[in-house]
Amino acid sequence: MSRLGIGWLALPASAYALLLFALPLGLLLLGSLQGPEGWSLDAYAGFLGSAYSWQVIGRTLRLAVLTTAICLLLGYPAAFALARTRGWVQSLLVAALLLPLSLSVIVKAFGWTVLLRGNGMVNGLLMGLGLTDAPIRLLFTEAGLLIGITNIFLPFMILPIFSVVKQIDPRLTEAAATLGGTPLYGFLRVVAPLTAPGVVAGVTLVFSMSIAAYVIPNLLMGDTYQTLSTTIATSFLFLQDPQRGSVAGVILLLLSLVVVVASVVLGRRARGDNT
């Protein structure tokens with residue numbers, strides 16, 4: 001097929017992306033530059049010149065980094081365990097992993113508000129195991145937020161790694177052992193590099209979603225825990241300051257773009273593609 005034919009095939013998707021993504025983002029950028037006195041960068045100077053705004057940016061990045069790190073720590077071995085199972089057991093585990101994705105994020109976040117409250121299941125389990133003598137405060141704390149958001153985003157870390165690990169021959173470590181390599185050496189030098197594309201994809205997905213999360217922090221932490229996403233909503237809905245909300249949106253978009261570009265570069269390196 002000629003390039004012209006391929007271009008026509010890509011036209012509907014390109015028009016869809018342009019209309020529903022590029023155009024709103026362009027309007028957001030224009031809104032951040034246009035104030036009551038005309039076009040200027042005063043809104044950016046005011047936002048970035050505020051210590052509170054930097055606290056919001058730091059809190060947003062902290063939440064995204066911690067969520068991604070915990071999901072990677074839990075999801076990496078889980079993906080290997082899932083890939084090494086066979087038959088109906090693997091199908092059942094994959095279904096259990098995919099089933100929560102059919103629920104709304106709002107429903108899952110509300111569910112965690114029930115689980116994390118003083119008389120919830122989590123406190124009941126901790127006291128039942130003898131780890132605490134009385135209910136501890138988990139709701140409206142960063143620890144509770146990390147528990148809830150990690151549970152919600154964990155499948156997006158496991159699935160990309162699982163799809164890569166499933167294609168790796170488990171006999172590779174045995175082959176490394178025949179050449180004198182220890183199991184740890186074989187894993188670190190043979191298996192782990194092969195999982196890099198899945199790790200990059202999982203980290204990109206989880207980081208991008210957690211840095212832009214709005215519903216989960218709002219329900220599990222409340223209005224006092226301000227991130228860039230909640231700042232955008234507050235600016236547009238309550239403060240009636242669309243320019244401030246647009247500035248926060250542009251900054252959030254730039255942070256996400258940095259992650260996407262970095263993931264593309266790392267993905268090419270992981271595949272050995274230097275083009």
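User: Leaving aside neighbours within four places in sequence, which residues is phenylalanine 153 in contact with?

Analyst: In this predicted model, phenylalanine 153 is in contact with Thr67, Cys71, Val206, Met209, Ser210 and Ile216. Contact here asks for heavy atoms within 4.5 Å.

User: What makes Phe153 part of a nonpolar core, and which residues have the most contacts inside that core?

Analyst: Membership takes a buried nonpolar residue joined to others through side-chain atoms within 4.5 Å. Phe153 belongs to the largest nonpolar core, which has 34 residues. Leu145, Phe153, Ile161, Ile216 and Leu220 have the most contacts inside it. Helices H3, H4, H5, H7, H10 and H11 each give two or more residues to this core, and H7 gives the most, with eleven. There is also a second, separate core of 16 residues, including Phe47 and Ala248.

User: How do you know that the length of H10 agrees with what is expected for its 16 residues?

Analyst: At 1.5 Å a residue, H10 should span 22 Å, and its end C-alpha atoms are 22 Å apart, so the two values agree. Among the buried residues of H10 are Val206, Phe207 and Ser210.

User: Why is leucine 20 called partly exposed?

Analyst: Leucine 20, in helix H1, has a relative accessible area of 45%. Buried means under 20% and exposed means over 50%, so a value in between is called partly exposed.

User: Which nonpolar patch on the surface does Leu20 help to form?

Analyst: Leu20 joins Tyr16, Leu19, Phe21, Leu23, Leu27, Leu30 and Trp39 in a patch with about 900 Å² of accessible area together. Helix H1 gives the most to this patch, with seven residues.

Conventions
Residues are numbered from 1 along each chain as its sequence is written. This is a predicted model: local features need pLDDT of at least 70, side-chain atom pairs count only at pLDDT 80 or more; totals for chains, interfaces and linings use all residues. Side-chain values use heavy atoms; hydrogens and water are left out. Buried means under 20% relative accessible area, exposed over 50%, partly exposed in between (1.4 Å probe, protein chains only). Helices (H or I, at least four residues) and strands (E, at least two) are DSSP runs, numbered from the N terminus. The expected span of a helix is 1.5 Å times one less than its number of residues. Patches are made of residues with over 30% relative accessible area and no salt bridge: like charges are joined within 9 Å, nonpolar side chains (Val, Leu, Ile, Met, Phe, Trp, Tyr) within 5 Å. Accessible areas come from the Shrake-Rupley method with a 1.4 Å probe; for residues, only the protein chains shown count as cover. A salt bridge is a side-chain nitrogen of Lys or Arg within 4 Å of a carboxyl oxygen of Asp or Glu.
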